[in-house]
Amino acid sequence: MNGINWIGIYTMIRREMMRMLRVVIQTLVSPLISATLYIFIFGHVIGSRISLIAGVPYITFVFPGILMLNIIMASFSHASSSVYMGRFIKSIEEILIAPFSYFEIVFGFAAAAVIRSTLVAVGILAIGVLFHAVTITSPFLFLFYVVAISTIFALTGILVGLWANGFEQLSALNTFVITPLTYLGGIFYSISMLPPVMAHITRWNPFFYFADGIRHSMIGFSEANAYVGLAVILGLVAVLGFVTIYLFRIGWRIRS
């Protein structure tokens, strides 16, 4: 097949968007409600009793982390459920026999997840404006981090969707890995508040670089080495992309 099958990719993404809109309360409204509660409780109620952090109000400092948390959840849940349900009802076999390359299949699943997480991000930004919590110092970097982080967890979701043999396994990574690492990645605090040992450990947490990157693009404050953060993010995209495409190529758990 010569070139990229853009029509096929568009059709695949449109199908995923229609699936998302059929359960819009779960896919879009629920994250916005959750984000509103986080912003109100951690930013407005608790933040009003905390002095400035990095020269900005606490609500402005934590908002990028809240945004990142919901981007991760939206992207991961969309991709993992799409692939798992495709395996469960055998609809993924239709995609495998369609005129798609393995790259295009992975790209289609990931792009749909990125679009959903971007819509969630736009909604949360609107809520943040109402709470006077939003500043964006570098729109280009902000867009880059939103898309890159969404891509990382879209690819992770695809891998989990291929691996899971039940709904319990589908949520296992989110429960035992993603959520703990997110909360320990500095979304609600500066690592300067931590003891030196804990601060050093946090720097080995990739989620710290996700939160720090978005925070840097929004308020201009960074606690991480920008080049290390960039290497972590681009490295994860490359490795996860390669592994995902390879697993589709060998038919892991999608071919009997």
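K90 lies in the loop that joins α3 to α4, the latter comprising residues 92-97, and in this predicted model K90 adopts a positive phi of about 70° although it is not a glycine. A positive phi is likewise found at A54, where the value is about 55° and the residue is again not a glycine. A54 is placed in the loop between α2 (24-45) and α3, and with a relative accessibility of 39% A54 counts as partly exposed, since that category lies between the 20% limit for buried and the 50% limit for exposed residues.

A54 is also one of the residues in contact with F221, when the neighbours of F221 within four places in sequence are left aside; the other contacts of F221 under this condition are F61, D212, R215 and H216. F221 itself is located in the loop between α9 (206-219) and α10 (226-250), and its relative accessible area of 23% makes F221 partly exposed, because a residue is classed as buried when this value is under 20%. With respect to S48, from which F221 is separated by 173 residues in sequence, the C-alpha to C-alpha distance is 20 Å.

R215, a contact of F221, appears again among the contacts of P64, which, apart from neighbours within four places in sequence, touches I214, R215 and M218. P64 lies in helix α3, which covers residues 58-88, and P64 has a relative accessible area of 1%, so that this proline is classed as buried. The separation between the C-alpha atoms of P64 and I187 is 7.5 Å, although the two residues are 123 residues apart along the chain.

Helix α1, formed by residues 6-22, was examined for its length and for its buried positions. Its 17 residues, at 1.5 Å a residue, should span 24 Å, and the end C-alpha atoms are 24 Å apart, so the expected and modelled spans agree; the expectation takes 1.5 Å times one less than the number of residues. The buried residues in α1 are G8, I9, M12, I13, E16, M17 and M20. In an α-helix there are 3.6 residues a turn, so residues three or four places apart point the same way. The elements that cover the buried residues of α1 include α2, α3, α4 and α5, the last of these being residues 102-130. Helix α3, which holds the buried P64, is thus among the elements that cover the buried residues of α1.

Key: Residues are numbered from 1 along each chain as its sequence is written. This is a predicted model: local features need pLDDT of at least 70, side-chain atom pairs count only at pLDDT 80 or more; totals for chains, interfaces and linings use all residues. Side-chain values use heavy atoms; hydrogens and water are left out. Helices (H or I, at least four residues) and strands (E, at least two) are DSSP runs, numbered from the N terminus. Buried means under 20% relative accessible area, exposed over 50%, partly exposed in between (1.4 Å probe, protein chains only). Contact means heavy atoms within 4.5 Å.
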